[in-house]
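Here are a few worked exercises for you to try with the structure open in your viewer. Have a go at each task before you read the solution.

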Amino acid sequence: MAGTSLSAADLADVETRLAATDTLLDRNYPGDDGSRQPIHTVYVSADRFTPDFAAEWGQAANDVVAQHGGLEALGALLGQSEELNAAVAPRVAAKLANEPIEDLRLDFEDGYGNRGDEAEDADVVTAAKAVHQAVEAGTAPPFIGIRFKCFEAPTRARGLRTLDLFVSTLVEQGGLPNGLVLTLPKVTTVDQVTAMDHVVSRLEEIHGLPAGRLRFEVQVETPQLILGHEGTHPVAQLPHVVPGRISSLHYGTYDYSASLQIAAEYQSMEHPVADVAKEIMQLAVAGTGIRLSDGSTNIIPVGENVENAWKLHGRLVRRSLERGYYQGWDLHAHQLPSRFAASYAFYREGLAAATTRLKNYFSQTDAGVMDEPATARALANFVLRGVQCGAVGEDEVLTLTGVALPELTVLAHPRLATTSH
C-alpha cells in the first residue's frame, strides 16, 4: 500500500495559508439562520397606524374578496385548478382572519413626506407608543418597525432624529419588540451603511441593549449602489463592512427605475433593469444570511380595476418566488388576497414533489432522482417557508416525509446543529 508523501509541515503550511479564508467564511458567510422571513412588507404612512391596523386591513381584504365572488373565484382568476383552489382558499381565509399582515413598516419617508419637525416629532412618539400598545395587546404583526428618511444631506438630520426618537420611546415604554425592523432607504454608498452601523451601535450603548440588537434593512433604490463610480458593485461590499448588522436588502421598483430614466408607464418589477439589479443583489448576499425582498406594483385593486390588478399582482408575486425572492412589498389592503393566494399556490403546487424527494433522501431510496445534500437543503427550505407562512401544515410535513419539523430545519440550515450545542 502506497504511503502519503506530504509531511506534517506541508499540511500545517496549507492550514496557515487558508486561515484567513476559514475566518472569512465563518464570519462573513454564516448562511441563513433558519428564522422566519415574512412573505411581504406592508408600507403605510406612520400617522395612520393604530393598534388595530392589521385587523382593519384584514377586514378590508375580506370585504373586497366577498364583493368579487369569494376566495375560490380569486383562485380561479389566478389560474388555480379546482383541487389547488380547494386547498388554498381556506388557508387564505384563515390568514386574513388571524395574521393579515406579516411585516409592517410605519413610513416616515416618501409615504409621509415633509411636515416639519414639530409634527414629525409628535408623530414618531405617537407611533412608537402605538407599536408598544399593539405588541402588548397581541395585535401587532410579527415584524414591525419604521422607515425613516434617507442619509442624503437634505434629510439626514431629520432621519436620524426620527430613528432616535422611535427607538428611545420604545425603550422608555418597556422595551423593543422581538420583531423590530428598521429600514434605511435610498442608499447610494457604502459609507451611508457604515454610518448607520455607527448610529445603531451608539443607540445600543446608550440604552444598554446587547450589541447587534438593532439590525436594519437596506433599500436598493439607486443605480449607484449596484454600480459604483469606480466600476465595482458597492452592494456586494455591504455584508462585509458591517457583518451581521444588515437583515435584508429590499429592491425599490420605482425610485430605481426612475433613476435610469425608464418612462413611468414601463416602470415595473419585471423590467429588464429590475432583473439586472436583483440578480446582482442575489449574488452579493449569497451565503451571508442577508435576506432579499422584491419591490411593489402600484397597480392597485380598486374600482373597476380589481380583478385585472389581482391577476397582475398574483403573476408578479409568483414570478418573484420562482426567481428566489420570497418577500415583496404590498401597498394596499386589497393586495393581501392576491399576495397570499399566489404565495400559497406556489408552495402547495410544489409540496408533493418536494416532500417525496425529501422522504426518499432521508430513507436513501433509489427513486430515479439522486439529490445531493445541497439540493436536499433547498427542498427542505422550500417546505419550511411554506410552513412558516401558513401555506403548509406541520402535520402535513410529518405525514408526507416521515420527518418532524426540527429535523427538517437542521437539514435546511446545517449550522443550527452545531450552534445549538
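**Exercise 1: a strand and its neighbours**

Which residue stands opposite Arg105 in strand 2? Use the answer to start working out how strand 2 is paired and covered.

Solution. Bear in mind that you're looking at a predicted model.

Step 1. Tyr43 is the residue opposite Arg105. Strand 1 (residues 40-45) runs parallel to strand 2, and 4 bridges join them.

Step 2. Now look at strand 3 (residues 143-147), which pairs with strand 2 in the parallel sense over 5 bridges. Asp103 has Phe143 in strand 3 as its bridge partner.

Step 3. Check the accessibility of strand 2 (residues 103-107): 5 of its 5 residues are buried. On one side sit Asp103, Arg105 and Asp107, on the other Leu104 and Leu106, so both faces are covered, with every one of these residues under the 20% cut-off for buried.

**Exercise 2: the whole sheet**

Work out the strand order of the open sheet and find what packs on the sheet.

Solution.

Step 1. The sheet has 8 strands in the order 7-6-5-4-3-2-1-8, with parallel pairing. At its edges are strand 7 (291-293) and strand 8 (328-330), each pairing on one side only. From one strand to the next, the twist averages 30°.

Step 2. Strand 1 meets strand 8 through 3 parallel bridges, and His40 is found opposite Gly328 there.

Step 3. Helix 8 packs on the sheet, where it touches strand 4, strand 5 (216-220) and strand 6 (246-251). The direction of helix 8 makes about 160° with that of strand 5. Helix 12 lies across strand 5, strand 6 and strand 7, and runs at about 165° to strand 6.

**Exercise 3: two helix pairs**

Describe how helix 13 packs with helix 14, then do the same for helix 15 and helix 17.

Solution.

Step 1. Two numbers get you going: packed helices are described by the angle between their axes and the distance between the axes.

Step 2. For helix 13 (residues 306-322) and helix 14 (residues 336-349), the angle is about 40° and the axes are 8 Å apart. That angle isn't under 35 degrees, and falls short of the 65 to 115 range, so the pair is oblique. Their crossing is right-handed. Among the residues in contact are Trp310, His313 and Val317 of helix 13 and Pro337, Ala342 and Phe346 of helix 14. Sorted by class, the contact has 8 nonpolar, 4 polar and 4 charged residues.

Step 3. Helix 15 (residues 351-363) and helix 17 (residues 394-401) pack at about 50°, with axes 8 Å apart, which makes helix 15 oblique to helix 17. The crossing of helix 15 and helix 17 is right-handed. Leu351, Thr355, Leu358 and Lys359 in helix 15 meet Glu396, Leu400 and Thr401 in helix 17. That contact splits into 3 nonpolar, 2 polar and 2 charged residues.

**Exercise 4: positive phi**

Is Lys186 buried or exposed, and is Gln261 buried or exposed?

Solution.

Step 1. Some background first: most residues other than glycine have a negative phi.

Step 2. Lys186 has a positive phi, near 50°, and sits in the loop between strand 4 (180-184) and helix 8 (190-207). Its relative accessibility is 14%, so Lys186 counts as buried.

Step 3. Gln261 also has a positive phi, about 65°. Gln261 belongs to the loop between helix 11 (253-259) and helix 12 (272-285), and counts as exposed because its relative accessibility is 70%.

How values were computed:
Residues numbered from 1 in each chain as written. Predicted model: local features only at pLDDT ≥ 70, side-chain atom pairs only at ≥ 80, totals over all residues. Heavy atoms only, no water. Axes fitted to C-alpha atoms, helices over the stretch in contact; angles between N-to-C directions. Helix = DSSP H or I, 4+ residues; strand = E, 2+ residues; numbered from the N terminus. Parallel < 35°, antiparallel > 145°, perpendicular 65-115°, else oblique. Left-handed = near helix turned anticlockwise from the far one by under 90°. Contact = heavy atoms within 4.5 Å. Nonpolar A, V, L, I, M, F, W, Y, C, P; charged D, E, K, R; others polar. Buried < 20%, exposed > 50% of the residue type's maximum accessible area, 1.4 Å probe, protein only. Pairing = 2+ DSSP bridges.
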